[in-house]
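Before turning to individual residues, it helps to have the whole chain in view. Please look over the sequence and the model below, and then follow the description with both at hand.

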Amino acid sequence: VDNHWEDLYDHCVAHVNVDSTGARGATFYGSFPANLELGSFGEAIVRAHSGQESRARRMSRAGDMSFNGVGIPALFMSLSQAPFSDEDTDYVSMAFGKLIGGKMPWWWHTSEDTMDKVDPDVLRLDTQIYVSTLWRLCCNPLLPMDFRPVVTDIQLTLDELAEGAGNHLDLNRARQRASALAEAVETLAQQCASVAADGEAKEGEHVSPAVIDLNRTLMALSRILIPITYTTAGHFDHDPAWGLPHLPGLAGVRRLADLERGSDAYHFLRTRLIRNRNQVDFALRRALEAAAGSNGPAAFTE
């Protein structure tokens, strides 16, 4: 990322993470991590190959997530899991099981994780899912992003933060812009569905200008929204590889109300939060402008 930042920004469609596939006993495909604009896309592929109903959950922060600052959406990390049981008592199994319904096998990340722990049938199914995912991302003319769940997630978090902030920090502009963005991405999703219904380009055919414009809009929205929802370090640095709250720059509003109003600690935190709020507000404005590029109006207006 550090050495190819602009190339990734200009051209990278998605980060598909392949980790710990083919484990013996891994029969659970009911949940996987993703940036939510790729959630429904991943769910459909997993369902088609595994026959299981699968649910995308918000991508977590880990050492694998080096692309957040660039704004590249990620899909998968682990895929197949061993089914979780209430009889599981070890910390890793309980943590994974309560979060996603599945778990990593007991030998995961130990010296016992040897070739005899691979099940060829599970490995084949995992590989089919990954190849199907990569084929569509590389070859289908229209990118599969859907930003409706992304914006809904942002709205829910902003509502929660606003309730916690009380009268200490005004988040109304961000909430209003998120509401407007929800309408814009609904229109964008309808445009994508209309283009897809017209049929995919066949080999040798040129991709239509409409598809090119839509793809640019979809990539632009990821580039704008992922950095504010998944990072504090910004575009060019990297956060530590542990969990971050959604919209991490505004997470401190939960502490603001507990501080003595007028104290140094209160003013320092509130000043930081105002600057971070400006960042979120401006990113939502840019997202509205990006969406307007395909929706008709030339520029964002409030």
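The paragraphs that follow move from the chain as a whole to two of its helices, then to the nonpolar cores, and finally to the salt bridges.

The model shown here is predicted, and local features are described only where pLDDT is at least 70. The protein chain has nine helices and six strands, and of its 302 residues 46% count as buried. Among the contacts that join residues at least 6 apart in sequence, 75% connect residues at least 24 apart. The protein chain exposes about 15,800 Å², and carbon and sulfur atoms supply 52% of that area.

Helix H2, which runs over residues 39–50, is a suitable place to begin. Its twelve residues reach 16 Å from the first C-alpha to the last, close to the 16 Å expected at 1.5 Å a residue. The buried residues of H2 are Gly39, Phe41, Gly42, Ile45, Val46 and Ser50. Seen down the axis of H2, these buried residues fall within an arc of 160°, so they line one face of the helix. What do the buried residues of H2 pack against? Their partners are strand S2 (31–34), strand S3 (55–58), strand S4 (74–75) and helix H4 (120–139). Ser40 is also found in helix H2, but at 40% relative accessibility Ser40 counts as partly exposed, because buried is reserved for values under 20%. The C-alpha atoms of Ser40 and Arg55 are separated by 8.2 Å, with their positions 15 residues apart along the chain counted as their separation. Just after H2, Gly51 takes a positive phi of about 75°.

Helix H5 can be read in a similar way. H5 has 18 residues and reaches 26 Å from its first C-alpha to its last, which is close to the 26 Å expected at 1.5 Å a residue. Its buried residues include Val150, Val151, Asp153, Ile154, Thr157, Leu158, Leu161, Ala162 and Ala165. These residues cover an arc of only 165° around the axis, which puts them on the same side of H5. On the other side of H5, Leu156 and Glu163 are exposed. H5 is followed by Gly166, whose phi is positive, near 60°.

Several of these elements come together in the largest nonpolar core. Of its 65 residues, Phe76, Ile129, Phe147, Leu158, Leu181, Leu225 and Leu284 touch the most other members. Strand S2 and helices H2, H4, H5, H6, H7 (209–230), H8 (253–256) and H9 each supply at least two residues of this core, and the largest share, ten residues, comes from H9. Leu225 gives a view of the packing from a single position: leaving aside its neighbours within four places in sequence, Leu225 is in contact with Phe147, Val150, Ile154, Leu181, Leu284 and Ala287. Apart from the largest core lies another core, of seven residues, among them Ala62, Ala74, Met77 and Tyr230.

The charged side chains complete the picture. Side chains of opposite charge can pair when their charged atoms come close. The structure holds ten salt bridges. One of them joins Arg148 to Glu186, with the closest N and O atoms 3.5 Å apart. This pair links distant parts of the chain, since Arg148 lies in helix H5 (residues 148–165) and Glu186 in helix H6 (residues 172–197), 38 residues apart. Arg148 counts as partly exposed at 34% relative accessibility, and Glu186 counts as partly exposed at 30%. Asp146, Arg148 and Glu186 are linked in a network of salt bridges.

Another salt bridge lies within one helix, where Glu289 pairs with Arg285 and the closest N and O atoms are 3.1 Å apart. Both residues lie in helix H9 (residues 264–295), four residues apart, about one turn of the helix. Glu289 is partly exposed, with a relative accessible area of 29%, and Arg285 likewise counts as partly exposed, at 34% relative accessibility.

Glu53 forms a further salt bridge with Arg47, the closest N and O atoms being 3.7 Å apart. Is Glu53 buried or exposed? At 61% relative accessibility Glu53 counts as exposed, whereas Arg47, at 34%, counts as partly exposed.

Definitions and conventions:
Residues are numbered from 1 along each chain as its sequence is written. This is a predicted model: local features need pLDDT of at least 70, side-chain atom pairs count only at pLDDT 80 or more; totals for chains, interfaces and linings use all residues. Side-chain values use heavy atoms; hydrogens and water are left out. A salt bridge is a side-chain nitrogen of Lys or Arg within 4 Å of a carboxyl oxygen of Asp or Glu. Buried means under 20% relative accessible area, exposed over 50%, partly exposed in between (1.4 Å probe, protein chains only). The expected span of a helix is 1.5 Å times one less than its number of residues. The arc is that of the directions from the helix axis to the C-beta atoms. Contact means heavy atoms within 4.5 Å. A nonpolar core is a set of buried Ala, Val, Leu, Ile, Met, Phe, Trp, Tyr and Cys residues joined through side-chain atoms within 4.5 Å. Accessible areas come from the Shrake-Rupley method with a 1.4 Å probe; for residues, only the protein chains shown count as cover.
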